[in-house]
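Me: Could you take a close look at one part of this protein for me? I'd like to start from a single cysteine and work outward from there.

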Amino acid sequence: MSSKRVTHEFPPVFDERSRVLILGTIPSPKSRELGFYYMHPQNRFWKMLCAVLNEKLPSDIEGRKALCLKHGVALWDVLESCEISGAEDSSIKNAVPNDLRRIIEGCDIRAVFTTGKKAHALYVKYFPDLLSDICLPSTSPANRTISETEMLERYSGIGKYLR
């Protein structure tokens with residue numbers, strides 16, 4: 001698959017009450033098609049977040065935004081644009097970062113979580129002077145090296161920053 005230039009197409013989710021920031025790399029083709037974060041039906045992100053928050057999975061995008069805001073969760077991606085082949089983070093080239101400072105410095109962000117090793121590496125590369133991140137396992141359908149039980153244990157660490 002050849003790589004193509006992709007630009008982030010939807011805004012971050014946050015408000016002044018946000019306490020944690022969860023960052024991916026850049027939306028997948030399915031997420032771009034559907035207009036929101038982690039929207040591939042086999043991606044486990046929403047299942048993990050809802051379990052951590054002890055909430056039912058909202059059926060629509062507005063419900064997912066409201067869920068995040070209700071619990072102080074901000075969502076965005078490290079990158080504003082890049083060249084990428086499909087949804088393969090390992091193929092990312094010529095990346096341009098988002099301006100994460102507007103969330104980290106404009107809210108009461110207590111912790112930054114990155115979803116996967118590539119998001120972590122990009123965050124460290126482009127934002128070495130901001131809050132250190134906590135790298136969580138990727139919830140991508142391609143990552144089947146970790147059980148849901150272990151993944152949930154790792155994602156449960158988000159909860160302590162929301163209390």
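Where does Cys68 lie? Please tell me what surrounds it, too.

Reply: Cys68 sits in helix H3. Before going further, a word on what you're looking at: this is a predicted model, in which local features need pLDDT of at least 70 and side-chain atom pairs count only at pLDDT 80 or more, while totals for chains, interfaces and linings use all residues. Residues are numbered from 1 along each chain as its sequence is written, and side-chain values use heavy atoms, with hydrogens and water left out.

Helices (H or I, at least four residues) and strands (E, at least two) are DSSP runs, numbered from the N terminus. On that scheme H3 covers residues 61–71, and its buried residues are Arg64, Leu67, Cys68 and His71. Seen down the H3 axis, these buried residues fall within an arc of 95 degrees, so they line one face of the helix; the arc is that of the directions from the helix axis to the C-beta atoms. "Buried" here means under 20% relative accessible area, "exposed" means over 50%, and "partly exposed" is in between (1.4 Å probe, protein chains only). Cys68 is buried, with a relative accessible area of 0%. Turned away from that buried side, Glu62 and Lys70 are exposed.

So what does the buried side pack against? For H3 as a whole, the partners are helix H2 (45–53) and strand S3 (73–77). Contact means heavy atoms within 4.5 Å. Zooming in on Cys68, and leaving aside its neighbours within four places in sequence, the contacts are Val13, Trp46, Leu49, Val73 and Leu75. Its C-alpha atom is also 9.3 Å from that of Leu53, which is 15 residues away along the chain. Just past the end of H3, Gly72 takes a positive phi of about 80 degrees.

With a cysteine in hand, you'll want to know about disulfides. A search of the whole structure finds zero, a disulfide being a pair of cysteine sulfur atoms within 2.5 Å. For Cys50, the nearest cysteine sulfur is that of Cys68, 8.4 Å away, and Cys50 is in no disulfide. Cys107 is in no disulfide either, and its nearest cysteine sulfur, again that of Cys68, is 13 Å away. Cys50 is buried at 4% relative accessible area, and Cys107 is buried at 14%.

Helix H5 makes a handy companion to H3. Its buried residues are Ala119, Leu122 and Tyr123. Down the H5 axis they fall within an arc of 100 degrees, so they line one face of the helix. Lys117 and Lys125 are exposed on the other side. The list of packing partners for the buried residues of H5 reads strand S2 (20–24), strand S4 (79–85), S5, helix H4 (101–104), strand S6 (111–115) and S7.

Moving on from H5, the loop between H5 and S7 holds Ser132, which is exposed with a relative accessible area of 68%. Setting aside neighbours within four places in sequence, Ser132 is in contact with Val112 and Tyr123. Ser132 and Val112 are 20 residues apart in sequence, yet their C-alpha atoms are 6.9 Å apart.

H5 also turns up at the largest pocket, which holds about 730 Å³ of space. Of the 34 residues lining this pocket, the closest to its centre are Ala87, Asp89, Thr115, Ser138 and Ser140. The elements giving two or more residues to the lining are helix H1 (29–34), strand S5 (88–97), helix H5 (117–126) and strand S7 (133–136), with H1 giving the most, four residues. On a 1 Å grid over the protein atoms alone, a pocket is an open set of points where a 1.4 Å probe fits, with protein on both sides within 12 Å along at least five of seven lines, whereas in a cavity the probe cannot get out; lining residues have an atom within 4 Å of a point. Grid points are joined across faces, edges and corners, and the volume is the space filled by probe spheres set on the points.

Finally, two backbone oddities. Tyr38, in the loop between H1 and H2, has a positive phi of about 55 degrees although it is not a glycine; Tyr38 is buried at 12% relative accessible area. Asn94, in strand S5, also isn't a glycine and has a positive phi, near 50 degrees.
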